[in-house]
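Welcome! Please have a look at the sequence and the structure below, and then we can walk through the pocket and the ligand together.

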Amino acid sequence: MTRVLILHGPNLNRLGKREPAIYGSETLDEINQRLKKIGDQLTFSVVTKQSNFEGELITEIHEAEGNFDYIVCNPGAYTHTSYAIRDAIASVEVPVIEVHLSNIHAREEFRKQSVTAPVCVGQISGFGSYSYDLALRAIRELI
Ligand code: DQA
């Protein structure tokens, strides 16, 4: 069975309440439940985690090695700033798919650069919470 870790970064625990015009009205729990169902359909085991702490996200990425086949990661604002998360992704054999709810290329200048995307398999951005669904479908195709 394909093992997928879905890793949500800072402020994504606020989904549903946080800037709904940009991020939608679904809560993180609702999104995670749907992703687990899609995982069942695709015969993936899906584990979801969220952290507001850079170091915790880094440790999750390290510990994914040997325990997961793929990581779907939304690093939140760390996307634009964290060389440490980028290096963590580069340090593991596990392929990572970067995901964003909003289209980061259509927003403020500072969001247009992702320091993490160059070490990921690819980036899915701008499809709301459906960006995560697409990442699972992409994994289905990659296997
Ligand atoms: C985000 C985009 C980031 O720029 C922002 O800091 C987030 C969410 C997204 O999913 O659209 O926290 O990663």
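How many nonpolar, polar and charged residues are in the lining of the largest pocket?

## The largest pocket

Sorted by class, the lining of the largest pocket holds six nonpolar, seven polar and three charged residues. Please keep in mind that you are looking at a predicted model. The volume of this pocket is about 160 Å³. Its lining is made up of 16 residues, and those closest to the pocket centre are Arg18, Tyr23, Gly76, Ala77 and Arg111.

And what fills this space? The ligand does: the space it takes is the largest pocket.

## Around the ligand

Let us turn to the shell of residues about the ligand. From the earlier part of the chain come Arg18 and Tyr23, joined by Asn74, Gly76, Ala77 and His80, and then by His100, Leu101, Ser102, Ile104 and Arg111. By class, this shell has four nonpolar, five polar and two charged residues.

Three side chains in the shell deserve a look at atom level. Histidine 80 places a side-chain N or O atom 2.7 Å from an oxygen atom of the ligand. For asparagine 74, a polar side-chain atom is 2.8 Å from a ligand oxygen atom, and for arginine 18 the corresponding distance from a polar side-chain atom to an oxygen atom of the ligand is 3.0 Å. On its own the ligand would expose 320 Å², of which the protein buries 99%.

## What the UniProt record adds

Under "active site", the unreviewed UniProt entry lists Tyr23 and His100. These two residues are spread over 78 residues of sequence, yet they cluster in space, with a largest C-alpha distance of 9.5 Å. Both Tyr23 and His100 belong to the lining of the largest pocket.

Under "binding site", the unreviewed entry in UniProt gives Asn74, His80, Asp87, Leu101, Ser102 and Arg111. Why do these residues not all gather at one spot? They span 38 residues in sequence, and the farthest two C-alpha atoms lie 23.9 Å apart, so the set does not all come together in one place. From this set, Asn74, His80, Leu101, Ser102 and Arg111 are included in the lining of the largest pocket.

## Putting it together

The picture comes down to a ligand whose space is the largest pocket, with 99% of its area buried by the protein. Asparagine 74 and histidine 80 are listed in the record under "binding site", and polar side-chain atoms of these residues lie 2.8 Å and 2.7 Å from ligand oxygen atoms, respectively.

Key:
Residues are numbered from 1 along each chain as its sequence is written. This is a predicted model: local features need pLDDT of at least 70, side-chain atom pairs count only at pLDDT 80 or more; totals for chains, interfaces and linings use all residues. Side-chain values use heavy atoms; hydrogens and water are left out. On a 1 Å grid over the protein atoms alone, a cavity is a set of points where a 1.4 Å probe fits but cannot get out, and a pocket is an open set with protein on both sides within 12 Å along at least five of seven lines; lining residues have an atom within 4 Å of a point. Grid points are joined across faces, edges and corners, and a volume is the space filled by probe spheres set on the points. Ala, Val, Leu, Ile, Met, Phe, Trp, Tyr, Cys and Pro count as nonpolar, Asp, Glu, Lys and Arg as charged, and the others, Gly among them, as polar. A residue is near a molecule or strand if one of its heavy atoms lies within 4 Å of it. A polar contact is a pair of N or O atoms within 3.5 Å; within protein, one must be able to donate a hydrogen and the other to accept it, and residues adjacent in sequence count only if both atoms are side-chain atoms. Accessible areas come from the Shrake-Rupley method with a 1.4 Å probe; for residues, only the protein chains shown count as cover. A molecule sits in a cavity or pocket if more than half of its atoms lie within 2 Å of its grid points. UniProt positions are given in the numbering used here, feature names are shortened, and annotations may be inferred rather than shown by experiment.
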